[in-house]
Amino acid sequence: MLERISKSNFFIKALMTALAVLFVGASMGIMSFANVGAEPITFFAQSLSRSFKITQGAAVYINNAVLLLLVLVFNTSKLNGATIISFLVTGKAMDITLRLLELIFTQDLSLIARHAMNVMGALMLGFFIGIYLSFDFGASPADGVMILISKITGLSYKYSIWIFNAIYVLLGIIFGGNFGLGTIIASVLMGISCDFVNKHSSKKQC
């Protein structure tokens with residue numbers, strides 16, 4: 001099915017990519033709501049939100065705008081449909097998910113429940129990143145910058161991801177983010193989930 005979508009016309013690819021990116025933003029919202037330490041970009045968005053009193057979705061928009069600028073200046077070959085869709089959709093989906101969860105869970109969750117929610121969010125995030133990458137419709141601004149790091153340093157894509165994540169964790173800590181075991185767990189599970197989709201796709205991306 002994923003291979004058929006990757007060979008579909010522009011409209012189908014755009015629609016399916018937007019749907020997958022919507023779930024990417026929702027996954028980030030789930031991890032943020034759990035508040036036990038999310039994957040690096042969500043972790044950074046949390047810290048930026050707290051420092052500047054803005055929504056986490058707005059923080060994601062700011063982050064994506066900076067990354068998009070880097071892609072525009074240094075790596076325009078990676079500017080494509082998924083880049084724009086990710087920029088427009090992710091932050092809003094994250095804010096809506098956070099708001100819905102706040103309405104549903106009016107009482108504090110136990111630590112076990114919050115860690116379970118974080119695990120679910122991380123698995124979802126990796127899964128839907130793998131899904132939209134398999135459509136061969138391009139990559140998000142973050143993915144474009146990771147590829148740029150690989151290109152500049154000459155390191156493999158795997159190591160560029162580690163460098164990228166380390167930078168975001170450091171920035172998150174600087175801005176007062178809630179770094180915890182959940183950050184490490186989420187990063188590992190996200191990679192495993194994305195790799196699972198990758199192994200079942202004809203487009204080897206993540």
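# Chat about an all-helix model

Q: Which residues does Gly182 touch, not counting those up to four places away in sequence?
A: Gly182 touches Val36, Gly37, His115 and Asn118. Contact here is heavy atoms within 4.5 Å.

Q: Before going on, what kind of model is this, and what are the ground rules?
A: It is a predicted model, in which local features need pLDDT of at least 70 and side-chain atom pairs count only at pLDDT 80 or more, while totals for chains, interfaces and linings use all residues. Residues are numbered from 1 along each chain as its sequence is written, and side-chain values use heavy atoms, with hydrogens and water left out.

Q: Back to Gly182. Buried or exposed?
A: Gly182 is buried, at a relative accessible area of 0%. The cut-offs are under 20% for buried, over 50% for exposed and partly exposed in between, with a 1.4 Å probe and protein chains only. Gly182 sits in helix 9. Its C-alpha atom is 9.9 Å from that of Ala116, and the two residues are 66 apart along the chain.

Q: How many helices and strands are there?
A: The protein chain has nine helices and zero strands. Both are DSSP runs numbered from the N terminus: helices are H or I with at least four residues, strands are E with at least two. Of the 206 residues in the chain, 49% are buried.

Q: What about long-range contacts?
A: Take the contacts between residues at least 6 apart in sequence: 76% of them join residues at least 24 apart.

Q: Where is confidence lowest, and where is it highest?
A: Helix 1 (residues 2-6) is lowest with a mean of 51, and helix 5 is highest at 92. Those are pLDDT values, the predictor's confidence in each residue from 0 to 100. Where pLDDT is low, the predicted coordinates should not be read in detail. Over the protein chain the mean is 85, and 90% of residues reach 70 or more.

Q: How many residues are in the largest nonpolar core?
A: It has 46 residues, and those with the most contacts inside it are Val24, Met28, Leu125, Ile129, Tyr132 and Phe164. Such a core is a set of buried Ala, Val, Leu, Ile, Met, Phe, Trp, Tyr and Cys residues joined through side-chain atoms within 4.5 Å.

Q: Which elements give two or more residues to this core?
A: Helix 2 (10-34), helix 3 (40-52), helix 4, helix 5 (81-104), helix 6 (111-134), helix 7 (141-153), helix 8 (157-174) and helix 9 (181-199) do. Helix 2 supplies the largest share, nine residues.

Q: And what is Val24 in contact with?
A: Outside its neighbours within four places in sequence, Val24 is in contact with Leu125, Phe128, Ile129 and Tyr132.

Q: Switching to the surface: which residues form a nonpolar patch?
A: Ile62, Val66, Leu69, Leu70, Leu72, Val73 and Phe74 do, with about 630 Å² of accessible area together. Patch residues have over 30% relative accessible area and no salt bridge; like charges are joined within 9 Å and nonpolar side chains (Val, Leu, Ile, Met, Phe, Trp, Tyr) within 5 Å. Areas come from the Shrake-Rupley method with a 1.4 Å probe, and for residues only the protein chains shown count as cover. Leu69 lies in helix 4 (residues 56-74) and is exposed, at 52% relative accessible area.

Q: How many salt bridges does the structure hold?
A: One. The partners are Glu102 and Arg99, with their closest N and O atoms 3.8 Å apart. The criterion is a side-chain nitrogen of Lys or Arg within 4 Å of a carboxyl oxygen of Asp or Glu.

Q: Where do Glu102 and Arg99 lie?
A: Both are in helix 5, three residues apart, about one turn of the helix. Glu102 is partly exposed at 41%, and Arg99 is partly exposed at 48%.

Q: Ser86 lies in helix 5 too. Buried or exposed?
A: Ser86 is buried, at 7%. Leaving out neighbours within four places in sequence, its contacts are Val21, Asn64, Ser140 and Pro141.

Q: What is the phi of Asn35?
A: Near 60 degrees, a positive value in a residue other than glycine. Most residues other than glycine have a negative phi. Asn35 is in the loop between helix 2 and helix 3 and is partly exposed at 28%.

Q: And what is the phi of Lys53?
A: Phi of Lys53 is near 55 degrees, a positive value. Lys53 lies in the loop between helix 3 and helix 4, and with 73% relative accessibility Lys53 counts as exposed.
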